[in-house]
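Hi everyone, thanks for coming. I'd like to walk you through a structure that's new to most of you, so let's get it up on the screen.

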Amino acid sequence: MDDVLDDLFAVIEDRKKTVPEDSYTASLFTHEKGENAVLEKLGEETTELVLAAKDDDREEIAHESADIVYHLLVLLAMKDMDVTDLEAELEARR
Ligand SMILES: N=c1c2ncn([C@@H]3O[C@H](COP(=O)(O)OP(=O)(O)OP(=O)(O)O)[C@@H](O)[C@H]3O)c2ncn1[C@@H]1O[C@H](COP(=O)(O)O)[C@@H](O)[C@H]1O
């Protein structure tokens, strides 16, 4: 799991730096709405996760959870934070 998150975060950082035209991730960093674009996505995906959970739809729960984690990592990159900030916070709670 660590590897998946670290690898995904590295791709996100790369998109932030290189800003390829056809990249959805890059479009979030350059969006006219600024950080609100990713914040709105997080709100939408969270609502979708709640609905999936209420439906007991395990496949959809996994799908929406992945959407949330991806957009959360984009938000961390936007704030010049990274996965280690998240890990440190979780570690401190153990
Ligand atoms: N993990 C993701 C990822 N998760 C979600 N998304 C995008 O986030 C958007 C979600 O918004 P929406 O809910 O409106 O999308 P939707 O398909 O209508 O709705 P859902 O069914 O997803 O809920 C979609 O465009 C998805 O493609 C992602 N886009 C990219 N990644 C990763 O980022 C990497 C780089 O992607 P690019 O930046 O596009 O090159 C990819 O290889 C992936 O590993």
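I'll go from the overall layout to the helices, then the core, the ligand and a few odd spots in the loops.

First, a word on what you're looking at: this is a predicted model. The pLDDT averages 96 over the chain, and 98% of the residues score at least 70. For the complex, the predictor reports an ipTM of 0.90 and a pTM of 0.94.

Okay, the layout. How many helices and strands are there in the chain? Five helices and zero strands, so if you read along the sequence, the pattern is simply α-α-α-α-α. Put a box around the C-alpha atoms, along the principal axes, and you get roughly 40 × 35 × 20 Å. The chain has 94 residues, and 12% of them count as buried. As for contacts between residues at least 6 apart in sequence, 48% of them join residues at least 24 apart.

Now let's look at two of the helices. Helix 3 has 19 residues, and from its first C-alpha to its last it reaches 27 Å, close to the 27 Å expected at 1.5 Å a residue. Helix 4 has 21 residues, so at 1.5 Å a residue it should span 30 Å, and its end C-alpha atoms are indeed 30 Å apart.

Stay with helix 4 for a moment. Which of its residues are buried? Those are Glu-64, Tyr-70, His-71, Leu-73, Val-74 and Ala-77. As a reminder, an α-helix has 3.6 residues a turn, so residues three or four places apart point the same way. Keep that in mind when you rotate the view.

That brings us to the core. The largest nonpolar core is made of seven residues: Ile-12, Leu-28, Val-38, Tyr-70, Leu-73, Val-74 and Ala-77. Helix 4 gives the most to this core, with four residues. Take Leu-73 as an example: setting aside neighbours within four places in sequence, Leu-73 is in contact with Leu-8, Phe-9 and Ile-12.

Next, the ligand. What surrounds the ligand? Here's the list: Leu-8, Val-11, Arg-15, Ser-23, Tyr-24, Thr-25, Ala-26, Lys-41, Glu-48, Asp-67 and Tyr-70. Two or more of these residues come from each of helix 1 (2-18), helix 2 (24-29), helix 3 (36-54) and helix 4 (58-78). Sort the shell by class and you find five nonpolar, two polar and four charged residues. And yes, you've heard Tyr-70 before: Tyr-70 is in the shell around the ligand and also in that nonpolar core.

Now the odd spots. Most residues other than glycine have a negative phi. So where does this chain do something else? Start with Val-19, in the loop between helix 1 and helix 2. Val-19 isn't a glycine, yet its phi is positive, about 45 degrees. Val-19 counts as partly exposed because it has 13 other C-beta atoms within 10 Å.

Then there's Asp-56, in the loop between helix 3 and helix 4. Asp-56 isn't a glycine either, and its phi is positive at about 55 degrees. Is Asp-56 buried or exposed? With 8 other C-beta atoms within 10 Å, Asp-56 is exposed. Asp-56 and Tyr-70 are 14 residues apart in sequence, and their C-alpha atoms are 22 Å apart in space. One more to point at is Asp-80, which follows helix 4 and has a positive phi, near 55 degrees.

Last stop, Lys-17, which sits in helix 1. Lys-17 counts as exposed because it has 10 C-beta neighbours inside 10 Å. Lys-17 and Phe-29 are twelve residues apart in sequence, with 9.6 Å between their C-alpha atoms.

That's the tour. Happy to spin the model around if anyone wants another look.

Note on methods. Residues numbered from 1 in each chain as written. Predicted model: local features only at pLDDT ≥ 70, side-chain atom pairs only at ≥ 80, totals over all residues. Near = placed C-beta within 6 Å. Nonpolar A, V, L, I, M, F, W, Y, C, P; charged D, E, K, R; others polar. Buried ≥ 20, exposed ≤ 12 C-beta atoms within 10 Å, placed from the backbone. Contact = placed C-beta atoms within 7 Å. Expected span 1.5 Å × (residues − 1). Core = buried A, V, L, I, M, F, W, Y, C linked by C-beta atoms within 7 Å. pLDDT = per-residue confidence, 0-100.
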